[in-house]
Amino acid sequence: MSDPRSPNPPDLRPDLAPRARIADPARPGQPTIGMVSLGCPKALVDSERILTRLRAEGYAISPDYAGADAVIVNTCGFLDSAKAESLDAIGEALKENGRVIVTGCLGAEPGYITGAHPTVMAVTGPHQYEQVLDAVHAAVPPAPDPFVDLLPASGVSLTPRHYSYLKISEGCNHHCRFCIIPDMRGRLASRPAHAVIREASKLAEAGVRELLVISQDTSAYGVDLKHATEKGHRAHITDLARDLGALGIWVRLHYVYPYPHVRELIPLMAEGLILPYLDIPFQHAHPDTLKRMARPAAAARTLDEIAAWRAVCPDLALRSTFIVGYPGETEAEFQTLLDWLDEAQLDRVGCFQYENVSGAAANALPDHVPAEIKQERWERFMEKAQAISEAKLAAKVGRRLEVIVDELDADGIATCRTKADAPEIDGCLFIDEGAEGLAPGDIVTVEVEEAGEYDLWGRLES
């Protein structure tokens with residue numbers, strides 16, 4: 001069995017987007033902007049929108065510091081460690097380039113940024129596109145060539161051409177005590193369904209084979225619009241999923257809260273209209289822990305829901321993230337989480353050790369868990385999750401699966417994903433032989449021959 005080139009590691013950060021990919025050569029004299037995009041896929045979509053607007057105004061996009069007249073750093077404020085990572089990235093950009101504009105979630109705390117880096121040129125908050133453009137104009141005036149600089153038909157993409165994130169809403173109405181994202185990004189604000197479908201249709205026409213639907217709370221899509229119908233499309237996640245599925249490409253749902261109406265999505269998966277994949281942030285399983293988190297405390301009923309979903313769609317893949325070491329978490333509460341994981345048999349799992357986040361209500365809770373206990377519980381959790389993953393993948397040996405090709409390396413090894421795998425956060429399927437004729441975006445059928453802890457190996461069906 002070949003060594004996996006990009007195995008899914010147990011410490012993979014589930015809040016991070018795939019690496020931004022920029023390749024946009026400048027014409028002589030063209031003003032050029034660099035971009036460092038940190039954080040989740042929602043931030044990556046913000047980066048794409050900013051760069052698309054800049055490209056339309058005649059700017060080139062630089063893949064490195066040296067070739068840029070200024071650099072935009074799109075920051076993350078999800079955890080204190082992510083904030084530190086953002087400050088480091090700003091510092092690096094200042095050292096390597098010197099002309100830096102900061103935006104994103106951490107931009108909601110401008111004093112925090114300027115206190116560490118007083119020489120940044122401007123600071124704006126999340127999805128403040130106009131303010132970012134104003135800052136760029138002030139730093140590097142545009143100089144468009146009307147005969148050359150045209151808006152790309154599908155905009156600027158920071159992901160490979162064959163998949164794309166599709167953001168359907170901003171903000172969140174939840175008040176989880178460990179999270180400050182609603183404070184930074186505001187309450188739920190859904191995009192009109194017809195606008196989402198129009199963007200999705202353009203992406204499909206441009207060759208995108210897989211849409212990754214993202215938001216802070218995908219299940220709540222359209223609640224703020226009272227599920228209104230406009231231009232033939234209703235703003236409800238079930239209707240939106242059905243409309244997206246009609247495009248004939250893979251549609252994958254992320255950040256789905258397990259509200260009762262989620263069960264209406266499962267028949268669409270069983271029919272093959274959307275991928276049989278749900279990314280649900282369960283966070284914990286013990287009712288007392290969930291209550292302290294200000295999360296719905298119905299883990300037992302969630303197990304019943306999962307069983308009902310799988311009865312309708314046996315191939316359903318479930319991914320989730322959890323927090324261990326939350327303030328007040330006892331050994332008994334943690335053991336309940338492990339037992340729940342045994343019963344739930346989730347396919348893909350990520351896990352955080354709890355961290356204080358400046359401004360989060362959880363900071364004031366009593367009985368914070370010592371770092372060494374958090375680490376020990378995280379290791380036990382990941383050992384359990386890894387064993388479940390290994391067993392579930394072993395059961396796929398001998399099966400025929402559809403996969404999408406992500407990369408083909410110089411040795412002719414194809415890195416692919418099954419319908420159960422989102423890019424760069426889940427596992428891979430590798431084709432070692434006979435893959436030379438494949439290209440990224442191809443969807444092919446393979447027979448699974450071997451399985452590891454997180455990845456599969458297979459051969460092309462002849």
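Helices, as the word is used here, are DSSP runs of at least four residues, numbered from the N terminus. With that in hand, a good place to begin in this predicted model is Gly207, which comes just after helix α6 and takes a positive phi of about 105 degrees. Helix α6 itself covers residues 193-205. Its 13 residues reach 18 Å from the first C-alpha to the last, close to the 18 Å expected at 1.5 Å a residue.

Part of α6 is hidden from the surroundings: its buried residues are Ala193, His194, Ala195, Val196, Ile197, Ala200, Ser201 and Leu203. These buried residues pack against the strands β6 (163-167), β9 (210-214), β10 (229-230) and β11 (233-234), and also against helix α7 (237-245).

Further along the chain, helix α11 (residues 331-344) packs with helix α12 (residues 371-394). Their axes lie 10 Å apart and meet at an angle of about 10 degrees. Because angles under 35 degrees count as roughly parallel, α11 is described as roughly parallel to α12. On the α11 side, the contact involves Glu331, Phe334, Gln335, Leu337, Leu338, Leu341 and Asp342. Facing them from α12 are Arg377, Arg380, Phe381, Lys384, Ala385 and Ile388. Sorted by class, this contact has seven nonpolar, five charged and one polar residue.

A last stop is Thr321, found in strand β14 (residues 317-324). With a relative accessible area of 12%, Thr321 falls under the 20% cut-off and therefore counts as buried. The C-alpha atom of Thr321 is separated by 5.7 Å from that of Val349, although the two residues are 28 residues apart along the chain.

Note on methods:
Residues are numbered from 1 along each chain as its sequence is written. This is a predicted model: local features need pLDDT of at least 70, side-chain atom pairs count only at pLDDT 80 or more; totals for chains, interfaces and linings use all residues. Side-chain values use heavy atoms; hydrogens and water are left out. Helices (H or I, at least four residues) and strands (E, at least two) are DSSP runs, numbered from the N terminus. Buried means under 20% relative accessible area, exposed over 50%, partly exposed in between (1.4 Å probe, protein chains only). Axes are lines fitted to C-alpha atoms, for helices over the stretch in contact, and angles run from 0 to 180 degrees between N-to-C directions. Angles under 35 degrees count as roughly parallel, over 145 as roughly antiparallel, 65 to 115 as roughly perpendicular and the rest as oblique. Contact means heavy atoms within 4.5 Å. Ala, Val, Leu, Ile, Met, Phe, Trp, Tyr, Cys and Pro count as nonpolar, Asp, Glu, Lys and Arg as charged, and the others, Gly among them, as polar. The expected span of a helix is 1.5 Å times one less than its number of residues.
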